Amino acid sequence: MKALTVILVWIGVTAAAQEPQVDLVRLGYLKNEITSEQVGMAASPDGNYAAFAFKNKELRIFDVKAGRFIKRLTTTFTEVFDMELMASNKIIIMEGRQVVIIDWKTDQVLATFTSKHEITKSSLSHKNNLLAVGQREGWVTVYDTKMLKELSTVQYKKHHVSALALHPNGKHVVVGVIPLLKEMNPLKVFEISSGKVVAESKKGFYTMATFDEQGDNLVVSGLNMLMTKTTVEVLNGTSLNLIKEIEAKVVWGNNIMPYSGKVSGNKLLAITASLSFNVYDLQWGGISFTTKSDGFRLSGTLTLGVGNAQAFPLGNSGKFLINSLGNNINQVYDLATNSIVGYFFCDSNEDFAVVARDGRVEGTPEALRKVYWTARLSNQRTALESTFESGFTPRLLSQIIDEDEKTQLAQTTFEVEKVISKVPALQLKSVNGAAASGTTSATQKQSKVEIAVTQNPQEVTEIKLYQNSKLVKVIAGAGKNAYSFDLSLTNSFGEQNYFFATASSKAGVESEKLKFTITYTGASEAKPKLYLVTIGIDKYKNAKYNLNYAQADADGVAEVINKQSRSLFQEVIPFAIRNDKAVKANILAALNQIKAKALEQDMIVVYYAGHGVMSGGANKEFYIVPHDVTQLYGRDDMLAEKGISASELKTFASAINAQKQVFILDACQSAGALDALENRARGAAEEKAIAQLARSTGTFWITSTGAEQFATEFAKLGHGIFTYALLEGVAGAADANKDQRLTIRELSTYIENKVPELSEQLKGTAQFPSAYSFGNDFPIAVFEK
């Protein structure tokens with residue numbers, strides 16, 4: 001069955017252009033593979049957090065700077081009328097007649113209010129801690145979100161509230177209503193404390209009202225009496241007298257009038273009845289940008305103005321988070337460049353993908369598979385994971401938000417049309433000399449497969465073959481139409497051996513995965529062995545790099561894994577490398593010994609506690625730092641000679657036959673060695689190197705992402721925070737489903753959740769580890785009942 005898809009297209013215009021400029025960024029996602037539809041979203045006023053609500057009642061909080069979901073809440077709402085995320089860890093959810101205020105950090109419901117009638121409009125003042133809720137029958141209730149109490153309730157005739165705006169002074173609220181019959185009504189300014197009307201506008205059908213930052217002006221949208229023309233006007237913020245008309249446009253189906261808006265400088269950022277995002281120029285008039293997503297929508301008077309989709313400012317960056325299509329892809333609009341500069345896809349299972357206009361990507365493996373680039377003139381598409389090697393950028397959403405106008409304007413838009421036609425296509429040609437398609441079987445362990453390149457063979461730079469998600473072979477491109485791979489079948493994951501192959505291209509985009517399965521019906525293999533390498537370096541040759549507890553961490557890991565994993569394996573073969581013995585020659589000798597002995601069914605776990613650094617220069621590379629490296633920064637020649645690079649680790653991961661491989665790096669940075677800005681840059685580069693290493697080899701990598709060590713951690717926990725969480729997890733705390741078997745995904749999830757919690761308790765700042773799991777899941781420990 002063909003997968004259902006959702007396509008995202010945005011079209012931009014500038015004030016100087018008569019015709020819309022078509023943006024070349026086109027994204028889609030596999031709609032039938034998401035866990036749940038997104039039904040609401042919000043961003044905190046400082047831009048640090050974003051919240052997303054889903055139809056399955058899940059609510060997720062995304063930490064923008066950390067680049068990950070950090071909180072999951074379960075609500076009672078399958079639909080959400082509006083959401084607000086406040087700087088005080090409060091989230092407000094409105095639906096039907098309910099207003100619920102939750103402390104998302106503690107999961108505590110702080111207050112629940114029930115309005116008199118169904119909610120039709122809302123307005124929040126972060127500055128004054130006020131929330132106004134407009135309802136049917138013309139009721140408006142104002143709540144104090146700090147004191148968690150109702151302040152006042154007023155009624156404006158018996159019609160639904162269609163326009164609502166709290167004044168920045170916190171003392172007044174503007175209300176507009178639309179009746180069932182075609183009766184025009186003025187906007188009214190109510191005094192919140194007394195409920196008195198202090199000003200009125202001319203009569204009209206008003207669907208939106210919003211004040212500028214100072215409250216000097218009120219920007220409104222509405223319709224003429226025949227409801228054939230929409231207008232956007234600027235009124236005096238006190239008297240509501242008309243100052244100027246911005247836009248007057250004939251409409252069809254009542255679909256392009258703004259239903260919500262936010263004034264920023266001399267621009268109105270508005271979202272229309274049909275969720276088109278329009279930017280109005282309040283100084284010169286007209287629309288300066290639009291997503292042009294208006295569709296036919298015939299709204300009766302009962303629903304005119306009902307709705308509250310918003311543009312949420314992301315701190316003081318000039319960027320805004322919007323959703324102009326009502327699906328799981330959100331957009332980041334940049335006021336300075338008047339363009340969409342980023343996209344954020346999310347799902348309720350914590351999958352997410354971030355895409356920058358220039359082609360950079362970030363996200364979870366599943367999201368990078370589900371979301372894809374698509375061509376305008378064909379059905380061709382390529383998943384975001386196909387641009388991983390060239391475009392992966394850790395914490396990309398934060399980077400997009402922080403980029404200035406000059407950086408944004410200098411970027412070249414990723415034109416998928418130019419590269420998609422040059423991407424190779426692969427097809428399975430034969431298995432052991434016999435023609436084969438997607439599924440076949442074999443009795444011989446040593447087998448051969450032939451893969452054909454059906455499109456653009458001259459563009460192939462290399463073809464990679466993965467077995468059970470682990471990289472097993474790489475063949476350089478030679479312009480040929482077919483390539484042969486020798487492989488060794490296994491039953492370490494069961495009889496089915498799952499393969500996929502990808503072809504890298506000169507354009508930097510990989511082919512769509514060729515997937516096939518070979519059922520191995522040969523002899524059963526011996527019980528697997530565990531090769532356990534633990535490296536801990538407290539004492540460095542240069543004493544200023546000494547650490548507090550790397551040796552204790554490595555000893556603890558060796559002990560707990562040996563204890564909890566022993567029954568899974570024929571034997572556990574340990575390699576304990578500590579302090580002055582932890583030099584490059586000894587570490588590589590251990591890996592070479594494993595490479596010579598390990599079989600497909602075996603497992604290898606490599607744990608490292610010590611320093612980790614990125615080299616300088618143009619060709620930056622991540623290194624783990626052995627005992628005898630005496631300078632961490634400024635001596636790339638020393639790192640190359642005595643350190644162990646990510647490239648070397650990749651070579652070993654690919655060459656070792658064991659298909660279950662886990663690399664755990666508690667690699668810290670030297671305190672004070674770098675300033676904060678350079679630390680962040682090197683940290684992101686380290687994450688990128690590890691992520692690309694994990695994906696390219698199909699192995700598991702869990703890292704502490706370069707955190708500093710503190711003696712207080714050891715005093716309270718007996719270990720560093722990262723390794724303490726690891727030890728707790730392997731000892732049983734990470735067995736989420738309580739089936740007495742701990743899988744590597746369960747362990748990585750536990751570490752990712754536990755480390756921020758512990759680090760915030762002990763250091764006051766959350767530390768976020770990184771886990772890159774591109775391989776198959778498998779058990780790493782078992783527990784006695």
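Q: Which term, buried or exposed, describes a residue under 20% relative accessible area?
A: This is a predicted model, in which local features need pLDDT of at least 70, side-chain atom pairs count only at pLDDT 80 or more, and totals for chains, interfaces and linings use all residues. Residues are numbered from 1 along each chain as its sequence is written, and side-chain values use heavy atoms, without hydrogens and water. With a 1.4 Å probe and protein chains only, over 50% is exposed, in between is partly exposed, and under 20% is buried.

Q: How wide an arc do the buried residues of α6 cover?
A: Helix α6 (a DSSP run of H or I, at least four residues) takes in residues 550-565. Its buried residues are A550, D553, A554, G556, V557, V560, I561, Q564 and S565. They lie on the same side of α6, because the arc that they cover around the axis (taken from the directions to the C-beta atoms) is only 160°.

Q: Which exposed residues does the opposite face of α6 carry?
A: Among the elements covering the buried residues of α6, with heavy atoms within 4.5 Å, are β43 (530-536), β44 (572-578) and α12 (721-733). The face turned away from this buried side carries the exposed residues E559 and K563.

Q: Which strands stand at the edges of the open four-stranded sheet?
A: The strands (DSSP runs of E, at least two residues) have the order β11-β12-β13-β14, with antiparallel pairing (at least two bridges). Two of them have a single partner strand each, so one side is left without a neighbour in the sheet; these are β11 and β14.

Key. Expected span 1.5 Å × (residues − 1).
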